[in-house]
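Q: Please take a close look at one acidic side chain and its surroundings. Then set it against the charged pairs elsewhere in the model.

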Amino acid sequence: MKPLSKLTALLLTVLLAACSGVEVKVADVSEFSSGNYQTFSWRSEPFTNSAYSRDPVYVIDPILREITDAQLQSKGFRRVARGGDFTVDYIYAPGFRMGADSSQTDNLSPRAGVRPNTRISQAERDNAIALSGVRETRNVRLGFNDGKTGLEVWNLIITKIASDVNEPDPGRIRSALNSGIKSGFKDLPAATL
């Protein structure tokens with residue numbers, strides 16, 4: 001592959017990751033690495049939506065488990081029903097994030113009009129107003145716990161601004177979780193032999 005092609009591919013990957021809207025915070029992997037783990041099990045049972053709830057957790061749960069299982073198995077870990085070398089669990093929590101800082105919007109008004117002696121273009125003004133409100137987020141914290149001690153050895157936090165607050169779209173959820181988990185598991189070591 002030519003150097004220019006490599007650079008273009010790298011730039012495209014970075015741009016796509018930046019545009020995905022998924023933030024990933026990964027804990028230090030050294031404690032997990034020292035565990036010499038080979039098997040894993042889920043700490044809790046999958047959710048069953050017997051009440052036909054529209055809560056997003058019922059959409060997120062099976063997708064998160066499927067993607068996590070696939071990523072861990074691709075790294076050589078074997079899933080067992082109970083008593084794995086490490087256990088996997090997650091917490092799902094909707095959250096809120098503030099938009100633009102007030103220092104960026106101090107001379108902006110939602111009322112249209114002319115603002116003399118400002119260097120802010122209309123597009124910048126409109127974006128600051130549109131992004132200055134509170135945004136709802138979807139947050140998933142995936143944790144790995146040692147199978148013997150029960151102590152956490154690694155975690156990953158995935159945050160995405162929710163654009164579909166009232167109607168969670170399984171395709172978008174799958175895409176966000178897949179992106180977040182792949183990114184977070186990038187430095188996770190493979191299973192020991």
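A: **A buried acid without a salt bridge**

Asp-146 is buried, yet it has no salt bridge. The nearest side chain of opposite charge belongs to Lys-148, 6.0 Å away. A salt bridge needs a side-chain nitrogen of Lys or Arg within 4 Å of a carboxyl oxygen, so Lys-148 does not qualify. Bear in mind that this is a predicted model.

What does the side chain of Asp-146 meet instead? One partner is Tyr-37: a polar contact of 2.7 Å joins the two side chains. Lys-148 also takes part, but through its backbone. Its backbone nitrogen lies 2.9 Å from a polar atom of the Asp-146 side chain.

Now the wider setting. Asp-146 lies in strand E5, which covers residues 134-146. Leaving aside neighbours within four places in sequence, its contacts are Tyr-37, Asp-85, Phe-86, Leu-151 and Val-153. Tyr-37 thus appears both in this contact list and as the polar partner.

Next, the charged pairs. Side chains of opposite charge can pair when their charged atoms come close. The structure holds five salt bridges. Three of them are described here, starting with Arg-82 and Glu-45.

The side chains of Arg-82 and Glu-45 meet with N to O at 2.4 Å. Arg-82 sits in the loop between strand E3 (78-79) and strand E4 (86-98), and Glu-45 in the loop between strand E2 (39-42) and helix H3 (57-74), so this salt bridge ties together parts that are 37 residues apart in sequence. Both residues are exposed. Asp-146, by contrast, is buried.

Burial does not rule out a salt bridge in this model, as Asp-61 and Arg-65 show. Their side chains meet in a salt bridge of 2.9 Å, N to O. Asp-61 is buried, and Arg-65 is buried too. The two are four residues apart in helix H3, which puts about one helical turn between them.

Helix H3 also supplies Glu-66, the partner of Arg-174 in helix H6 (residues 170-185). Their closest N and O atoms are 3.1 Å apart, in a salt bridge. This pair links distant parts of the chain, 108 residues apart. Arg-174 has 33% relative accessibility, so it counts as partly exposed. Glu-66 is partly exposed as well, with a relative accessible area of 46%.

Back to the starting point. Asp-146 has no such charged partner. Its side chain has the polar contact with Tyr-37 and the backbone nitrogen of Lys-148 at 2.9 Å.

How values were computed
Residues numbered from 1 in each chain as written. Predicted model: local features only at pLDDT ≥ 70, side-chain atom pairs only at ≥ 80, totals over all residues. Heavy atoms only, no water. Buried < 20%, exposed > 50% of the residue type's maximum accessible area, 1.4 Å probe, protein only. Lys, Arg positive; Asp, Glu negative; His and termini not counted. Polar contact = N/O pair within 3.5 Å; in protein donor to acceptor, adjacent residues only side chain to side chain. Contact = heavy atoms within 4.5 Å.
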